[in-house]
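Colleague: Thanks for making time today. Could we go through the contacts between the chains together?

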Protein chains: 4
Amino acid sequence: MTTRIAIIGAGLMGADHARIVAEELPGAALQVVCDMDAARAKAVADRLGAKDVGSDPEEVIARSDVDAVIIASPDFTHAPLSLACIRAGKKVLCEKPLSQSSQECLAVIEAEQAAGARYVQLGFMRRFDPSYVEMTAALAAGTLGRPLMMHNFHRNLETPAAEFTGAMAITNSAPHEFDVVRHVLGTEYTSISAFQPTRSDALVAPVVMVLETEGGQLVTIEINNNAAYGYDVRAELVGEAASISMNHVAYTRLDRAQRQSTTFEADWRGRYFDAYRQQNRAFLRFAQGEAFPEQGASAWDGYAAAVVAEAGVTALASGVKTAVAMIDRPEVYA
Amino acid sequence: MTTRIAIIGAGLMGADHARIVAEELPGAALQVVCDMDAARAKAVADRLGAKDVGSDPEEVIARSDVDAVIIASPDFTHAPLSLACIRAGKKVLCEKPLSQSSQECLAVIEAEQAAGARYVQLGFMRRFDPSYVEMTAALAAGTLGRPLMMHNFHRNLETPAAEFTGAMAITNSAPHEFDVVRHVLGTEYTSISAFQPTRSDALVAPVVMVLETEGGQLVTIEINNNAAYGYDVRAELVGEAASISMNHVAYTRLDRAQRQSTTFEADWRGRYFDAYRQQNRAFLRFAQGEAFPEQGASAWDGYAAAVVAEAGVTALASGVKTAVAMIDRPEVYA
Amino acid sequence: MTTRIAIIGAGLMGADHARIVAEELPGAALQVVCDMDAARAKAVADRLGAKDVGSDPEEVIARSDVDAVIIASPDFTHAPLSLACIRAGKKVLCEKPLSQSSQECLAVIEAEQAAGARYVQLGFMRRFDPSYVEMTAALAAGTLGRPLMMHNFHRNLETPAAEFTGAMAITNSAPHEFDVVRHVLGTEYTSISAFQPTRSDALVAPVVMVLETEGGQLVTIEINNNAAYGYDVRAELVGEAASISMNHVAYTRLDRAQRQSTTFEADWRGRYFDAYRQQNRAFLRFAQGEAFPEQGASAWDGYAAAVVAEAGVTALASGVKTAVAMIDRPEVYA
Amino acid sequence: MTTRIAIIGAGLMGADHARIVAEELPGAALQVVCDMDAARAKAVADRLGAKDVGSDPEEVIARSDVDAVIIASPDFTHAPLSLACIRAGKKVLCEKPLSQSSQECLAVIEAEQAAGARYVQLGFMRRFDPSYVEMTAALAAGTLGRPLMMHNFHRNLETPAAEFTGAMAITNSAPHEFDVVRHVLGTEYTSISAFQPTRSDALVAPVVMVLETEGGQLVTIEINNNAAYGYDVRAELVGEAASISMNHVAYTRLDRAQRQSTTFEADWRGRYFDAYRQQNRAFLRFAQGEAFPEQGASAWDGYAAAVVAEAGVTALASGVKTAVAMIDRPEVYA
């Protein structure tokens, strides 16, 4: 039984998802590629051999020849389209964020509660990256002792847009860290503080956050959207007995001109290529009727990321430590 | 059009290939799993959802519902079954070695010449490993200058069998290095010398080989089948201007008990997981009618590996430098 | 002209200084070893061939056969004995801290101002460590662009005393980081915030601090006195164009039992062996009449470290960001 | 009792030794700097505060105000001047090689035998480098099991002279490897084979040697005098149970322009700075009457290096494995 998948959004991320479905997911078929821009949809569909194209997301989601959906359209459409999928009774892999508004996330949560089941898997693909998987395993094995701190560094070569602000660093870039740290530590945040140095130019300065958790851990996160030297994600999980750190992975090193060097990727697509593949394979099994993926992120995780991002924006603007207050976890996410 | 693939041999390697076909190759179907041991064939077929099983390789190769073949049966069957595939006009991915006998390799070469086309792709999967791909790219880009030397180290945790000898290190383990070095340097060997230290126990001692090439390069290869500490493959390509080395890839590092450490794999299956996947995807495209894969190893490459291994065994036994003499490259491998 | 040096304090640090003077400083003589515990002084003096011993620091400082002084006695004696050296007109290398009280530091500063010259060099030896020297050089060369952030991690195997507190982590361990970061960045702090996770046992939990500087930089400092895995100091200086990080230095790596590993030192004495030697050689030249060492720490630097530590203790206790307020820099430290 | 040291030869190495004596060896005095070129001797003497200068080595060695000697004059003078020191009854630290002629080395050995004591310490400073010290310690501790192989790589940025030949790579550069490997393994060589790739230019091509030892080990040595990318020495000691490798030591790493990099030294002087210091301190203790340094190289070691280098030159010229034949070890080196 082939699972027929519709891709909503044929931009950079949508095209990547379409390629994974077409080339990396035996058991799945690339059924429809949907984009407001019909030409863009057609280009992706033709290149990857999709059955059909569409331009109206709701219509595509409702089609009887579509079994499951991947949403990679603009951020503001994520929650409404996820709700459409729930209404249509179809499993959906929604790119992060579910919504930048925690209220809107709650609407999705309520819809799943009402339906009595989960439909939405969120695209927090880092949970499938071997670095974080090994950290989680080391913690579970007791190698580290009780966790004390997690330090995180997220660096981009440069910001896509000139109008990028510190608040956007928190709402757009940091959610990956907010989510994967919660996932690795298995706890929720209680507070967030935010700091920012000054740059000598017009680019957005890094943001450094310190978060406290229910489990008594400290979490630090640096978001540096204009690191200039490369795409670089680092993390260290410090336990009472030992510490585990993400390595800078490179297959070769070069000795040249009195330097020994390895390369940095230009963006996240090379670094997390395999994490996306693993995530989408997990989603396919979910769409085919298996239980929600153990490593997967749910609408609840999308809500958690939105709440802490909202508190982070407040903390940055006010300069004071801000509480992170979440509703009780609904039963459907138990 | 789905390409229906038969797997000959349901041992460790055969089961791995069957899994890749079933789970990692959209466009391919796991049609038949064939093994002398019917129960073993059935176990793999059932686990991975193969259409059918078989116990007679030649019969399976001839089946009209089999479009292409992967041979992972015992080494001595590789050449005869490859010939059977050529006779049947079917593309075959044959595990290395094509044969330990260069004469037997020539029989396959002659069959392909007679047919006027290549059918056999050999399972020298390292050519698809990112380390070697990056080395080749650095050479092509001129980053290294002209190549001078290539140093190679192949270490296993331990030998599978107690009767493993130095000659077997050359004929069974070294062919991977023989092949990938030829591939990276784009040249043939002219001589080989072999040396061996002594161990204090009954295990096979390492073999160190020095090879000279037509291009004027020196190649060193250490095969250490009982390295005891882990599965570890290293390579360095030294050019006139710079040098590129394979990294020890690990996603995390652990700080514990006054040591900072990363792990070694226990065997090649974890290390080359992705190389096998890429190789088999290239084979699928070949089986579907595309040209022979640019990175792929042919019967000619299997012959080259056999010739140098034969010379290496002589060199080890005699203690003197031994010439590597090959026939002229037939047109079908131009 | 041999410079005759008296060592005040014959404990661990005092004995180390005595050894450096006796064995690593041509041009210096180990004149007197002084300790309240006469037997301890004698043991060190005998082992290293000191001319004489003493038990009264002020008396030793005043001796006419003593040209310069190294203070390694308990912390509370540092400021009074430094003042005694200034009164005696003798150059003094005083172990850190000058005092945990910024007021007491000011008394030393006033004495030097009154004398119109510097006498006190502080034992912030990290300024002489090649890691920080290379960072400073990279900054000066413009390799990094303008500095944005400096991240610092200070980890001990375990705390020497069971009664060690978070406040003590700030006042006893952090001053090394407070000082070397000011030195590398060439700026003063304006605020400090402090955070602490919780441990499951009675040991002191790590302290994480975020500091802001006059230059607009953010500085993070983790002090983990019970890291359990080893003595480990890390630092990263992030500029607008590039980033430079301290390496974990090890001369060899071991491949064993499926792990590749390097070792951590048990404490700071191995790690900073050469920094102490370079620092003391710089002090000798200062004592011999050369200008105050360019890399050296002065009484002003001791005051700066005390002020920020006091603010840090307040920040940790109150949970709020605390201003770091210093007097104007006196002319003698211009 | 200050030990008055004369330096013979005021070139690069001689000036380095003079500096170590003047600045790094408490208990030693830089008594005389001697060079055929009086101006060169004077320049070094003045810069470092030597008592006197000289131009006739034999005369300087015989001076009553000279207690010990360091020879850093041209290679061909090493053996004759060492003999002069033995005649004068003075301890001498002689730069390597003792002589490129094993016969001439034997003359020094005979002189020491006749005198019934050792006078000559050879400047094989690598024995004092922490990398090799840690290897030796790991072997002694049983961490590695019995040694099986040692792989060595010696790379220079470029050759000092255009007329440098492969034979010179063996006689001038390789002796450091010949010596330190013998020292670490505690055995003698029985055979040597030598190989050389071809370069596309007029520079000397690398030489790769394979040596067999009395202990049954294999030793590989690559000498690449025109590596172009930097000064780089590597070594790996492979045991039956584990392996230990020299690290590329760097205090910092730089993240810039999509590369993470560390630097290579331009020559051996930075890399082995501390090894020279430790070696010369050991020599001072020897000159002051202590036993011959445990780690130090003797005239016997100089002879061993010369014998294997002579065999290596033969092996390279003939293309065949060549025996390494030494006299029995005289009692004075027992």
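Colleague: What area is buried between chain B and chain D?

Modeller: Happy to help, and please keep in mind that this is a predicted model. The contact draws on 39 residues from chain B and 39 residues from chain D. Carbon and sulfur atoms give 60% of the area buried between chain B and chain D, and that area is about 2800 Å².

Colleague: Which three residues of chain B lose the most area to chain D?

Modeller: Three residues of chain B together make up 20% of what that side buries. They are B:Phe195, B:Leu218 and B:Glu240.

Colleague: Good to know! Which element gives the most residues to the side of chain B that touches chain D?

Modeller: The elements that give two or more residues to this side include strand S8 (189-195), strand S9 (207-213) and strand S10 (218-224) of chain B. By class, the residues of this side divide into 15 nonpolar, 14 polar and 10 charged. The element that gives the most, with 5 residues, is S7(B).

Colleague: And how many salt bridges are there between chain B and chain D?

Modeller: One pair of side chains meeting in a salt bridge is B:Arg234 and D:Glu236, at 3.2 Å from N to O. That distance counts because a salt bridge needs the nitrogen within 4 Å of the carboxyl oxygen. Between chain B and chain D the count of salt bridges is 4.

Colleague: Let's turn to the other interface. What share of the area buried between chain D and chain C do carbon and sulfur atoms give?

Modeller: Here 30 residues of chain D are in contact with 30 residues of chain C. D:Tyr251, D:Thr252 and D:Arg253 supply 26% of the area that chain D buries against chain C, more than any other three residues. The area buried between the two chains is about 2700 Å², and the share from carbon and sulfur atoms is 46%.

Colleague: How many residue pairs are in polar contact between chain D and chain C?

Modeller: Salt bridges come into this interface too: the rule finds 4 of them, including C:Arg277 with D:Glu24 at 2.8 Å from N to O. For polar contact, with both residues at pLDDT 80 or more, the count of residue pairs is 22.

Colleague: One more, if I may. Which residue of S12(D) is the bridge partner of C:Thr252?

Modeller: Strand S13 (residues 252-256) of chain C and S12(D) run antiparallel, joined by 4 bridges. The partner of C:Thr252 in S12(D) is D:Met246.

Methods: Residues numbered from 1 in each chain as written. Chains lettered and ligands numbered in written order. Predicted model: local features only at pLDDT ≥ 70, side-chain atom pairs only at ≥ 80, totals over all residues. Heavy atoms only, no water. Contact = heavy atoms within 4.5 Å. Buried area = accessible area lost by both parts, 1.4 Å probe. Nonpolar A, V, L, I, M, F, W, Y, C, P; charged D, E, K, R; others polar. Polar contact = N/O pair within 3.5 Å; in protein donor to acceptor, adjacent residues only side chain to side chain. Pairing = 2+ DSSP bridges.
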